[in-house]
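Colleague: I have a few questions about the labels you put on this model, and I would like to hear the reasoning behind each one. Could you show me the structure before we start?

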Amino acid sequence: MADSINTQNTTYPIPVFYYSVTIDNEEPIAFSEVSGLAIEYETITYKDGLSYREGSKHMPGLGTPVNVTLQKGIVKGDSYLLDWINTIKLNTVEKRDLTISLLNEAGEPTVSWVVKNAFPKKLDAPSFNASSNEVAIESLELMASDLEIKNPST
């Protein structure tokens, strides 16, 4: 017997192919891939006089920077990412917030990752190959200060 829609919505994992990316609350930009949404902390090791018997103590330290990679197909006349990375050459880097939302069937966010104070650090052009018929994909690497996870359904 098939599960009810409510059971499917609350117990089935959400597929990763339906998502949106917005930068500074602008219109969503179509990216083919987003990676690097990770929260990580350095580890502090503390040793005292009793460490020979009780072992070292470990605790979380400072958070590490968030490194996000965005990939999208190159479209004629679309220079948004290039304009953003060129602000570095002008010595006026613009830090922006990104929101990556995993969407349900109705296009509503189920989980969102908010990348805070991101700035571009690398823009990769596509690889060129005369015997290939693949789409030209550019890749933008960003560094951010923080990552916040929001779950609107809770």
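Modeller: Here it is, and what follows is a set of questions about labels and the values behind them. Please keep in mind that this is a predicted model.

Colleague: Fair enough. Let's begin with Ser 20: why is this residue called buried?

Modeller: Ser 20 has a relative accessible area of 18%. Buried means under 20%, so Ser 20, at 18%, is buried. Ser 20 is found in strand β1, which spans residues 19-23. Leaving out residues up to four places away in sequence, Ser 20 touches Pro 28, Thr 99, Ile 100, Ser 101 and Leu 103.

Colleague: And Ser 112, what makes that one buried or exposed?

Modeller: The relative accessible area of Ser 112 is 9%. With the limit for buried at under 20%, Ser 112 is therefore buried. Its place is in strand β7. Beyond its neighbours within four places in sequence, Ser 112 is in contact with Thr 99, Ile 100, Ser 101, Glu 148, Ile 149 and Lys 150.

Colleague: How do you know that the side chains of Ser 112 and Ser 101 make a polar contact?

Modeller: The distance given for that pair of side chains is 2.8 Å. A polar contact requires N or O atoms within 3.5 Å, with one able to donate a hydrogen and the other to accept it. The 2.8 Å between Ser 112 and Ser 101 is within that cut-off, so the pair is listed as a polar contact.

Colleague: Glu 148 and Lys 150 both came up just now. What makes their pairing a salt bridge?

Modeller: The closest N and O atoms of Glu 148 and Lys 150 are 3.9 Å apart. The cut-off is 4 Å between a side-chain nitrogen of Lys or Arg and a carboxyl oxygen of Asp or Glu, so this pair qualifies. Glu 148 is partly exposed, with a relative accessible area of 30%, and Lys 150 is partly exposed too, at 42%.

Colleague: How many salt bridges does the rule give, and which residues are linked in a network?

Modeller: The count comes to eight salt bridges. Asp 48, Arg 53, Glu 54 and Lys 57 are linked in a network. Within it, Arg 53 meets Glu 54 at 3.9 Å, N to O, while Lys 57 and Glu 54 have their closest N and O atoms 3.8 Å apart. Both distances are within 4 Å, so both pairs are called salt bridges.

Colleague: Why is Arg 53 called exposed, and which label does Glu 54 get?

Modeller: Exposed means over 50%, and Arg 53 has 56% relative accessibility, so it counts as exposed. Glu 54, with 48%, falls between the two limits and is therefore partly exposed. Lys 57, at 31%, also counts as partly exposed.

Colleague: Let's turn to the nonpolar residues. Which members of the largest nonpolar core touch the most other members?

Modeller: Leu 98, Val 115 and Leu 142 do, in a core of 21 residues. The elements giving two or more residues to this core are β1, β5 (66-73), α3 (80-89), β6 (96-103), β7 (109-124) and β8 (137-144). The largest share, four residues, comes from β7. Among the residues that Leu 98 touches are Leu 70, Trp 84, Trp 113, Val 115 and Leu 142.

Colleague: And on the outside, what makes Tyr 41 an exposed residue?

Modeller: Its relative accessible area is 51%, and exposed means over 50%, so Tyr 41 is exposed. Tyr 41 is found in strand β3, residues 41-46. Together with Ile 39 and Ile 149, Tyr 41 forms a nonpolar patch on the surface, with about 320 Å² of accessible area.

Colleague: Last one, on backbone angles: what is said of phi in Asp 24 and Asn 117?

Modeller: Phi of Asp 24 is near 50 degrees, a positive value in a residue other than glycine. Asn 117 has a positive phi of about 55 degrees, and it is not a glycine either. Asp 24 lies in the loop between β1 and β2 (33-35), whereas Asn 117 lies in strand β7. Asp 24 has 37% relative accessibility, between the limits of 20% and 50%, so it counts as partly exposed. Asn 117, also with 37%, is partly exposed as well.

Note on methods: Residues numbered from 1 in each chain as written. Predicted model: local features only at pLDDT ≥ 70, side-chain atom pairs only at ≥ 80, totals over all residues. Heavy atoms only, no water. Buried < 20%, exposed > 50% of the residue type's maximum accessible area, 1.4 Å probe, protein only. Contact = heavy atoms within 4.5 Å. Core = buried A, V, L, I, M, F, W, Y, C linked by side-chain atoms within 4.5 Å. Patch = residues over 30% accessible without salt bridge, like charges linked within 9 Å, V, L, I, M, F, W, Y side chains within 5 Å. Areas by Shrake-Rupley, 256 points an atom, 1.4 Å probe, with all protein chains shown as cover.
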